[in-house]
Amino acid sequence: MADEHKSYEQDGPEAKEIAKYLPYYPFKGIPRFYDIGGFLAAPHVFQQIVDIFASRYAAIGIDSIAGLDARGFVLGPPIALALKKPFIMMRKEGKMPNTLKSQDYNTEYGQRSGLTVQRGRIKEGDRVLIIDDLVATGGTLSSAINLVRACGGHVVECACVVELKMFIDPPSESGLPSRTKLFKDLEIADVPVWGLVSENVLCNEANLPHDYVDDGEEH
């Protein structure tokens with residue numbers, strides 16, 4: 001179990017060990033696609049991640065956890081169980097009945113339809129933790145934040161295992177989208193984002209088999 005009194009730092013000693021189980025692959029034109037399947041296949045590492053997040057948010061204090069479709073559904077429930085808090089699914093449109101929908105949003109992969117949440121799951125004043133596996137440009141998180149606010153909730157923090165810091169506030173000449181600018185434009189710049197591991201320590205290039213096939217669907 002993680003130390004409930006310890007403050008875990010991004011890219012700290014624990015994160016560097018976890019990073020060994022986050023290999024990257026070439027995938028649909030992306031040279032570094034980070035695969036959470038690496039630590040899911042290592043129960044002791046997955047448990048360590050759950051313990052670290054549970055420790056952090058037990059100290060901060062939350063009412064519920066909202067996980068983003070689909071990998072947030074893998075990470076969120078064990079953390080919610082550890083904290084004995086409700087888990088809320090934020091799904092793609094058309095997957096649940098009686099829902100509210102956020103506006104469409106842009107990601108590093110293109111435009112996406114807004115997320116949905118079932119009515120009544122988030123109540124006025126609820127302190128909500130939003131969780132996903134990775135944050136890059138922040139487009140998906142921005143959709144989730146606006147959905148929580150539309151329900152009257154308060155987003156305590158957005159938490160991800162991996163944070164790609166190159167998108168936080170890149171130079172304009174880089175051509176990269178800026179998460180800082182996006183959050184400012186959407187008036188959600190007050191919402192903190194925390195990632196356990198950044199690309200600074202993600203150095204584990206996958207050893208691809210000779211028959212490796214890039215057969216994933218479009219993101």
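**Cysteines, a helix and a buried threonine**

The sulfur of C203 lies 19 Å from the closest cysteine sulfur, which belongs to C160, and this is too far for a bond. For readers new to the topic, a disulfide is a covalent bond between the sulfur atoms of two cysteines. In this predicted model, a pair of cysteine sulfur atoms has to lie within 2.5 Å to be counted as a disulfide, and the count comes to zero. C158 is likewise in no disulfide, with the nearest cysteine sulfur, that of C160, 7.0 Å away. As for their surroundings, C158 is buried, with a relative accessible area of 0%, whereas C203 is exposed, at 58%.

Helix α5 comes next. This helix spans residues 139–150, 12 residues in all, and reaches 17 Å from its first C-alpha to its last, close to the expected 16 Å. Nine of the 12 residues of α5 are buried, so the helix is largely enclosed by the rest of the structure. Among these buried residues are G139, T140, L141, I145, L147 and V148. Just after α5, G152 adopts a positive phi of about 95 degrees.

One of the buried residues of α5, L147, also leads to strand β8, as L147 is among the contacts of T116. T116 is found in this strand, which covers residues 115–118, and is buried, with a relative accessible area of 2%. Leaving aside neighbours within four places in sequence, T116 is also in contact with M89, M90, R91, K92, E93, M96, T99, L100 and K101.

Technical notes:
Residues are numbered from 1 along each chain as its sequence is written. This is a predicted model: local features need pLDDT of at least 70, side-chain atom pairs count only at pLDDT 80 or more; totals for chains, interfaces and linings use all residues. Side-chain values use heavy atoms; hydrogens and water are left out. Helices (H or I, at least four residues) and strands (E, at least two) are DSSP runs, numbered from the N terminus. The expected span of a helix is 1.5 Å times one less than its number of residues. Buried means under 20% relative accessible area, exposed over 50%, partly exposed in between (1.4 Å probe, protein chains only). Contact means heavy atoms within 4.5 Å.
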